[in-house]
Each structure stands twice: as C-alpha cells, then as structure tokens.
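Reader: Got a minute to walk through this one with me? I'd like the layout first, then a few residues.

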Amino acid sequence: AIFVFGGDAIDRGPDGRRVVETLLDAKARQPGRVVLIAGNRDINKIRLPRELSGRPPRWVQDELKRGPRADLLRAIFANSMGARGAFDFRKEELAGTGAPSTDDDVVQSFVDDLAPGGPMFRFLEASQLAFRFGSTLFVHGAVTDESLGNIPGEDREPDVDRWVERLNAFYQSQIRAFGADPIDASDSRP
C-alpha cells in the first residue's frame, strides 16, 4: 500500500505540530510507501521568518508594524493566509504539552519550526508537489489545462512523468534556497 498525504498539515486544529511529527515519523519508517504532498497552508509559512523580522507584508499598517509580533502574526494569519485560528490553535497545543505558551512563545514556535532542522522545515523538505502512481496523479488542489506541464521559470513540459519530476525538482530547489536564507536579506524571495 502507498499512503499519500494531500497537504495542509497545520492550521486546522490545535495539534498541527503533532500531525507534522506523525507524518515525518511515518515517512521515516516507510520512505517508499509514504508520500507527503505540500499544501498551500504548509508552504505559505515560509513567509513568516521574513515577515516577522522587520519585512511585513505591504498591506500592514504602521502601528501594527511597530506593535507586538503576536499582533502582526495574528493579522498575517487572518488577512493573507486564511488561517484565522492558527495562532490560538498553536497556543492551545503548546499549553497542552506543558511548553511555555505566551504570545511571544507562540510567535517564536512558528519561526523555530521553520528553521533548518525544525519540524515544519523537515516536513517541507520531505514533501513534494506532485506524485503519480499508475494512472493516478496526486497534487494539492487542482490540475488544469493551464497548469499541467508548467514549471515556474522553465519551459512547459508535455510529458506528465517528466513534468512531475521537474516540478518536484523545482520545489526542492526552492526549499533548499529558503533553508539557506530564510529571512532572505537579498530581497529576492525564494
């Protein structure tokens, strides 16, 4: 049997970290039988180290930029990640494990999870964007005539198997670039 996880491991309940660790454990135990697909709720978190370290999104008002990072993170989740409950879910999860769970602890936990070696970073490293098994193509979301064969910044790939391979290679190169410079001082975000 093959287990394919379709993405969005976090943001939907107070056990996101536990879900990520469980998926990573399954992948480590059965690497050839567990496939992790990265979802938008997983990938979009790579914005957080940058946005919480002095480069918030353009839409953020000045008073929010100068305020506590917890307020900024709540606003980012609510206004640009569709994850209104993510902050409180993490706070509940931290408290439930006995870990410190102040607002600052919650913010730092998201940043730490994305650092190389952190659980969310390891999850993103272990994930891919597409997987084909027989005649079934697994992705997070949909494949349209417009997206099929597309690889950002590269020529369109008409062969499905080659497209999956190249798309996953592109994804891995971007995760490696993020790991090398998560805040991205060059202003050219992966």
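Author: Sure, and one term before we start: buried means under 20% relative accessible area, exposed means over 50%, and partly exposed is in between, with a 1.4 Å probe and protein chains only. Also, this is a predicted model, where local features need pLDDT of at least 70, side-chain atom pairs count only at pLDDT 80 or more, and totals for chains, interfaces and linings use all residues. Residues are numbered from 1 along each chain as its sequence is written, and side-chain values use heavy atoms, with hydrogens and water left out.

Reader: Fine. Which residues of β2 are buried, and on which side?

Author: Val-34 and Leu-36 are buried on one side, Val-35 and Ile-37 on the other, so both faces of the strand are covered. In general, side chains in a regular strand alternate between the two faces of the sheet.

Reader: What's the strand order in that sheet?

Author: The order is β1-β2-β3, in an open sheet of 3 strands with parallel pairing. The edges are β1 (3–5) and β3 (127–128); each has a single partner strand, so one side of each is left without a neighbour in the sheet. Strands here are DSSP runs of E, at least two residues, and helices are runs of H or I, at least four residues, numbered from the N terminus. Two strands pair if DSSP finds at least two bridges between them.

Reader: How many bridges join β1 to β2?

Author: There are 3, and the two strands run parallel. Phe-5 stands opposite Leu-36 of β2. On to the next pair: β2 (residues 34–37) and β3 are also parallel, joined by 2 bridges. There Leu-36 stands opposite Ser-127 of β3.

Reader: And how do β4 and β5 run, parallel or antiparallel?

Author: Antiparallel, with 4 bridges between β4 (residues 130–133) and β5 (residues 136–139). Phe-131 has Phe-138 as its bridge partner in β5, and Ala-130 has Val-139. The hairpin has 2 residues between its strands, and Gly-134 takes a positive phi near 60 degrees there.

Reader: OK, zooming out. How many helices and strands does the protein have?

Author: It has 9 helices and 5 strands. Along the sequence the pattern reads β-α-β-α-α-α-α-α-α-α-β-β-β-α. The radius of gyration is 17 Å, close to the 16 Å that the globule rule gives for 190 residues, so the protein is as compact as a globular protein of that length. That radius is taken over C-alpha atoms, and the rule is 2.2 Å times the number of residues to the power 0.38.

Reader: What about the box, and how much of the protein counts as buried?

Author: The C-alpha atoms fill a box of roughly 50 × 35 × 25 Å along the principal axes, and 39% of the 190 residues count as buried. As for contacts with a separation of 6 or more, 61% come from residues 24 or more positions apart. Contact means heavy atoms within 4.5 Å.

Reader: Switching to the loop between β1 and α1. Which way does phi go at Asp-8, positive or negative?

Author: Positive, near 65 degrees, in a residue other than glycine. Asp-8 sits in the loop between β1 and α1 (16–29) and is partly exposed, with a relative accessible area of 23%. Asp-11 lies in that loop too, with a positive phi near 90 degrees. Asp-11 counts as buried, at 5% relative accessibility.

Reader: And Glu-21, what does it touch?

Author: Leaving out residues up to four places away in sequence, Glu-21 touches Pro-119 and Arg-122. Glu-21 lies in helix α1 and counts as partly exposed, at 36% relative accessibility. From Ala-9 it is 12 residues away in sequence and 9.9 Å away in space, C-alpha to C-alpha.

Reader: Last one: where is Gly-179 found?

Author: In helix α9 (residues 160–180). Gly-179 counts as buried, at 18% relative accessibility. Residues up to four places away in sequence aside, Gly-179 touches Pro-116 and Phe-121. Gly-179 and Ile-46 are 133 residues apart in sequence, yet 9.5 Å apart in space, C-alpha to C-alpha.
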